[in-house]
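Student: I would like to go through some labels used for this protein and see how each one follows from its definition. Could we take them one at a time?

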Amino acid sequence: MVCMTLESSASVSSSASSAEQAERILAGLDENQARAAQALSGPVRIIAGAGSGKTRTITRRIAYACASGAWNPDATLAVTYTNKAAAEMKLRLARMGVHDVHTSTFHSAAYSQLRRAWRILSHFESPEIADPRDLALHAHAAMAHTLQLSDYTDSEVRDVLQELSWMKVNLLGYEDYERIVGSLGHELPLDLEPRQMLDVARAFETEKRRHNVIDFDDCLLLLAHLYENYEDLAEDFRQFMRHITIDEYQDVSPLQHLVLTRWLGKNRDICVVGDPAQTIYSYAGATSYYLLNFAEEFGPVSHDVQLNTDYRSSGNIVEYANAVLSGSPSAQSYITLTSPHDAGPRVHLAKFASDGEEMRGIASRILWHHARGTALRDVAILTRTRMRARDLARACREAGLAVNLRLDGENEVLRGAVSGSVGGVAVGASSEEAGQDGAITISTIHAAKGLEWSLVFIPDCHEGNIPFSMEQMMTRSDEDESIEEERRIFYVAVTRGIQQVYLCVAQYPFEGGRGVQRTVSRFVRQASNAVRRAHRGKS
């Protein structure tokens, strides 16, 4: 009897401890974040705007569900878009006392399952995922064999690889490719004809088989096939995915969506998190369709929550970001952000006579801010293209600034070309020194998604760059959506700023007014006019 009393006492104590832990996990969340964190069952959609504490909220949601006993951590899967984000989520969960949750990217989770299934079904190891450099070599070999030419640049090979991936992530069979490319007005790399592209695709698959490797898209396709054809195996895997959370759901491709539906089976314990205003990877097959139509696919939805407080940016940056989206024909699909912060400096449009003057002017302004206390690591220049990022890196290094160059997966610290000090901080420093304070970030907008800086410069805010290459877009049947994607890219750039954002534009490409005169981006004009109208209405 005493023994039973002690056990009962221990059980009550344990339950009380778990309840206290669960309540501590919710501490500090705002009303909407807490509502999302406590939505534990059924289909759940969370629309999370820029800077709204999305990662914090979904991590607390998973921790709360596990700590309260509603979920088994070992049957919980959280999917993010980078290995770094997955590792960060696992670390945050561990700090809250929650372990054994599976955090992963789509591709890592799929490859882990594929390797296990391969061993079960064939008693052999699965093919390895090819290194990106090896994939480029295989693509180059396929192009050389098929097109009877071998002199291709890295950029041309990269464009072909991107097209090969586009075919797979959009689930386009060879028999449908030519028809769909024609109907979309989809431009092919190297001005190839669709049949030539298909020949390259077949040769590429042959090269991979010859080397016994697959790519990430193959991994997802093979796993979907296994789920469709081996139900017992699929059900075994599903035991470890009873509670699924998908981050950045606005960037899910048709292929990833297919894998998700196979993971779920009849299960509807799914939570998706995303922001349709930040869909900027359509070139890689991403679409906000599944996020926007979540209720139609998985309904009835048990909880539909919006996180619209931007804790990152100043009031004026948030106001300008809202104005960028307000001019969209799809504005009703986007949430309006609010800011708890002071207004701060207004978003400033800086005009220059030429590209050279613009680049020198940006470098000079960075040095001005640095002399007044802004750490260089808190400064970013966000460009629309890789080439422009490299041009600006060169100009900033000539001004004595060390640069952290981010180009869609590539990350490189470049020393300033002039040694000495700026505002007491060494430039032309080592990579270690640059990492501490002395390196500004120059990044493509795509590579900057999810990041933030106190001071942000957005160069080349003119027609032809933002939005990009309008002459090409005019030939496409999906021109309106292309413009919308460009608007979202600009919005993502603006919302990286914490305290101040500079929009920069050069009137002419070359010194002395040479070249075609430029027009300020329509997005800048529309947003600036909307902000002015709003301020006139308040006065």
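Tutor: Let us begin with Arg496, whose side chain reaches the backbone oxygen of Val492 at 2.7 Å. This is a predicted model, in which local features need pLDDT of at least 70 and side-chain atom pairs count only at pLDDT 80 or more, while totals for chains, interfaces and linings use all residues. Residues are numbered from 1 along each chain as its sequence is written, and side-chain values use heavy atoms, with hydrogens and water left out.

Student: What makes the pair of Arg496 and Val492 a polar contact?

Tutor: A polar contact is a pair of N or O atoms within 3.5 Å, where within protein one must be able to donate a hydrogen and the other to accept it, and residues adjacent in sequence count only if both atoms are side-chain atoms; the distance here is 2.7 Å, so the pair falls within the cut-off.

Student: How do you know that Arg496 has no salt bridge?

Tutor: A salt bridge needs a side-chain nitrogen of Lys or Arg within 4 Å of a carboxyl oxygen of Asp or Glu, and the nearest side chain of opposite charge, Glu452, is 6.6 Å away from Arg496, therefore no salt bridge is assigned.

Student: Why is Ala402 called buried?

Tutor: Buried means under 20% relative accessible area, exposed over 50%, and partly exposed in between (1.4 Å probe, protein chains only); Ala402 has 1% relative accessibility, so it counts as buried.

Student: And why is Ile120 called partly exposed?

Tutor: Its relative accessible area is 42%, which lies between those two limits, so Ile120 is partly exposed.

Technical notes. Lys, Arg positive; Asp, Glu negative; His and termini not counted.
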